[in-house]
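Student: Hey, got a minute to walk me through a fold? I'd like to see how the pieces sit against each other.

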Amino acid sequence: MGAKRWLNETLFDDLGFRMTYQAERVLYETQTEHQHLVLFEHPFFGKMLMLDGATQVTSKDEFVYHEMMTHVPIFAHGRARDVLIVGGGDCGIAEETLKHKSVARVTQVEIDASVVEFAKEHFPEFTAPVLADKRFELVIDDGMNYVARTGRRFDVIIVDSTDPQGPGKVLFSEEFYAGCRRCMRKGAVMVTQNGVPIFQADELTAGIGKFRKLFADGACYVAAIPTYVGGHMAMGWATDNTALRKASVRTIAGRYRKAGSFATKYWTPEVHVAAFALPRFIAEKVAKAGKR
Ligand code: SAM
C-alpha cells in the first residue's frame, strides 16, 4: 500500500502558509472546463471537496456555513417566496433553503454543470432531496449573465461562490452586485461568502464598500467554519431594508416556530442575532468600508 497522498490548500500561499490534508482515498479528480476539482476522504473531516486548491465543503463542518448562509437571510426577511442561489454547486445551500416550506421557488445558477453532476454521485445527502423537490430549478450559466438578463425577481439572493479567483472572480464585482440589485424585489436581501477577515480583509472591505454604493444597508455577519481557516468567516449583507438585521431574538424565534422548528446543528435564533455583533477588529474594518 503506497504512502497516503497529502492535498494542499494553496489559497493563502501569498500569505506564506498552507493547510495540508491527508487523503485516505482520492474519490474523484478532474480538470473541468472552469476549474480543478478534487474530492477525497479525510480521516476526520470526511468527504472534502477542493476547487482550484481551496476547500469548498466537508461532510464534518458543512452545516455551519450552509445554515448561516441560508437561515439568517430567510428568517430575517420573514416572507421570502423566491430565492436565488448563485454558485452553490454541491447543493448544500439549496438543501437548507428547501427546509423553508413557505419558500415557493429556489433557482440555482451554477456555471459548472460537472460540479452538480459530480455532487449527484458524491453528495447525495444534499442533491437527492433537492433534485426531488419540484420547487427547485437548476440553471447552468455564469451568475453574472443571469442577473444581468433574467426577468425574474427574488426576495433573497445567496451568493455561494468560490473565492475571487478563476470563474468566481466576477461574482465579487460591482457590476454583478448591481445585476443582483436589479432582480431583487423591494425589501429583498442579498448575502455573499466574503472570506475570512483576518486573512482576506481587503475582500471584506471592498465588498461592503460596493454594497454601500448600491444599497441602503451594507454590512456583514460572522460564523466560525473549521475548514475555512482563520477564525471568523464573514458573510456579506446587502439590502435596502435597514431593519432586517435588527430583528430581535423574539421575532426570529417566532418565525422559526412558524416554520416548524426544523432541525439545525448551528443556527438558532440567538446565534442568528449574535452573528451581527462583530468583534472590534472586524467592526472597525466594516466601519471604514466606503462611506454612504
Ligand atoms: N461554500 C464554498 C465556499 O465558500 O468556498 C462554495 C461552494 S460552491 C461549490 C461554489 C460554486 O460556485 C462552484 O460550484 C463553482 O462552480 C460556482 N461558481 C464559480 N464561479 C461562478 C460563476 N461566475 N457563476 C456561477 N457559479 C459560479
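**Helices, sheet and cores**

Tutor: Sure, let's start with a helix contact: Phe75, Ala76 and His77 in helix 1 meet Ile252, Arg255 and Tyr256 in helix 8. Keep in mind that this is a predicted model.

Student: OK, at what angle do helix 1 and helix 8 pack?

Tutor: About 100°, and their axes are 9 Å apart. That angle makes helix 1 roughly perpendicular to helix 8.

Student: And what classes of residues are in the contact of helix 1 with helix 8?

Tutor: Four are nonpolar, one is polar and one is charged.

Student: Cool. What about helix 3 and helix 4, how far apart are their axes?

Tutor: Those axes are 6 Å apart, and helix 3 (residues 113–122) packs against helix 4 (residues 124–131) at about 105°. So helix 3 is roughly perpendicular to helix 4.

Student: Which residues make that contact?

Tutor: From helix 3 you get Ala119, Lys120, Glu121 and His122, and from helix 4 Pro124, Glu125, Thr127 and Leu131. Sorted by class, the contact has three nonpolar, two polar and three charged residues.

Student: Switching topic: how many strands form the open sheet, and in what order?

Tutor: Seven strands, in the order 9-8-7-10-11-13-12, with mixed pairing.

Student: Which ones are the edge strands?

Tutor: Strand 9 (136–140) and strand 12 (217–224), each pairing on one side only. Ignoring direction, neighbouring strands in this sheet are turned by 20° against each other on average.

Student: Do strand 7 and strand 10 run parallel or antiparallel?

Tutor: Parallel, with five bridges joining strand 7 (residues 82–87) to strand 10 (residues 154–160). If you want a spot to look at, Ile85 stands opposite Ile158 in strand 10.

Student: Which strands does helix 1 touch when it packs on the sheet?

Tutor: Helix 1 (residues 62–77) touches strand 7, strand 10, strand 11 (184–193), strand 12 and strand 13 (232–239). The direction of helix 1 makes about 160° with that of strand 10.

Student: Last thing, the inside. Which residues touch the most other members in the largest nonpolar core?

Tutor: That core has 51 residues, and the ones touching the most other members are Leu49, Tyr65, Met68, Phe123, Tyr221, Met235 and Trp237.

Student: Which helix gives the most to this core?

Tutor: Helix 1 again, with nine residues. There's also a second, separate core of 30 residues, which includes Phe172, Tyr177, Phe215 and Ile282.

Methods
Residues numbered from 1 in each chain as written. Predicted model: local features only at pLDDT ≥ 70, side-chain atom pairs only at ≥ 80, totals over all residues. Heavy atoms only, no water. Axes fitted to C-alpha atoms, helices over the stretch in contact; angles between N-to-C directions. Helix = DSSP H or I, 4+ residues; strand = E, 2+ residues; numbered from the N terminus. Parallel < 35°, antiparallel > 145°, perpendicular 65-115°, else oblique. Contact = heavy atoms within 4.5 Å. Nonpolar A, V, L, I, M, F, W, Y, C, P; charged D, E, K, R; others polar. Pairing = 2+ DSSP bridges. Core = buried A, V, L, I, M, F, W, Y, C linked by side-chain atoms within 4.5 Å. Buried < 20%, exposed > 50% of the residue type's maximum accessible area, 1.4 Å probe, protein only.
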